[in-house]
Amino acid sequence: ATGLMHGKRGLVMGVANDHSIAWGIAKTLSDHGAELAFTYQGEALRKRVAPLAESVGSSLVLPCDVEDLASVDGVFAALQEKWGALDFVVHAIAFSDKSELKGRYADTSRENFSRTMLISCFSFTEIAKRAAAMMPKGGSLLTLTYGGSTRVMPNYNVMGVAKAALEAGVRYLAGDFGAEGIRVNAISAGPVRTLAGAGISDARLMFNYQRAHAPLRRTVTIEEIGGAAVYLLSDLSTGVTGEIHYVDSGYNIISMPRPEVLKA
Ligand code: NAD
């Protein structure tokens, strides 16, 4: 606990349970002194999110399904009334039909392409615009991406295309809001065992592969992702915007497996 986030208020979107990356980020932000509000998707998840929120001293727990723009507006109206201003937002939301997170990208359907892009990419733009309107003194916006955006990962398919668009969105939003002192960045996390992660076919194989081949010889924890989030959301990173920051045990720098792994 450093107090780095002391006096800062922010919204965390995308907690489904205590394995969620958003939860690792929320806990770490809270440890460093942040005051938090949460959103949950659908009544069933409220029962999971409300007790987690309470455990970090938050009772601001709001429904939000990004497919329903009125519910997004509802969240920011509620925050406007409760807090009046906002210092940061964490967007940790993605979805694609499981049946298209396997096989070939070429077989993606038009319906699932649009839905994946709306939920996993454009929602960040709609949220950023509303959050920025509540940041008169500047702020920091953060989303979560994955290295399948720039390199072909088996089965990641349409989600890789959506993440590429999300990362481009981070840069354009950073351009749009920079003059207002609002920074926009993404963390590109290595594989984590979460609900969303389990939707990708053969997720366990990819998890084990990255563990074997990453320079650090392991995967990352949600608390380690939280540590990077504290940096990007606090005043430590006031000179940083439009950045895709990898928290992946270094996996993204590797060209091929080490000889001893190949020979094993
Ligand atoms: P998770 O299942 O815990 O979280 C995904 C969240 O997205 C859930 O809380 C879910 O409610 C929310 N969501 C889905 N559709 C929504 C909608 N229409 N409206 C509102 N919320 C919606 O899984 P996670 O792995 O913690 O995912 C969080 C983010 O991290 C995602 O953007 C994911 O792509 C990204 N990410 C995950 C990994 C990984 O290996 N798990 C790696 C890199 C990046």
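**The ligand shell and strand β4**

Mentor: In this predicted model, 27 residues surround the ligand, the closest being S20, T194, L195, A196 and G197. Numbering starts from 1 along each chain as its sequence is written. Since the model is predicted, local features need pLDDT of at least 70, side-chain atom pairs count only at pLDDT 80 or more, and totals for chains, interfaces and linings use all residues.

Trainee: What makes a residue near the ligand?

Mentor: Its C-beta atom, placed from the backbone, has to lie within 6 Å of the molecule. Elements giving two or more residues to that shell are α1 (21-31), β5 (139-145) and α6 (195-198), and α6 gives the most, with three.

Trainee: Why is α6 called a helix?

Mentor: A helix is a DSSP run of H or I with at least four residues, and a strand is a run of E with at least two, numbered from the N terminus, so α6 counts as a helix.

Trainee: Why are F88, V89, V90 and H91 called buried?

Mentor: Buried means 20 or more other C-beta atoms within 10 Å of the residue's own, with C-beta atoms placed from the backbone, so each of the four has to reach that count. F88 and V90 sit on one side of β4 (residues 88-91), V89 and H91 on the other, so both faces are covered.

Trainee: How do you know that β4 and β5 pair?

Mentor: Pairing takes at least two DSSP bridges, and these parallel strands have four, so they pair. One bridge partner is T143 in β5, matched with H91. On β1 (residues 9-13), M13 stands opposite H91 too.

Key:
A residue is buried if 20 or more other C-beta atoms lie within 10 Å of its own, exposed if 12 or fewer, and partly exposed in between; C-beta atoms are placed from the backbone.
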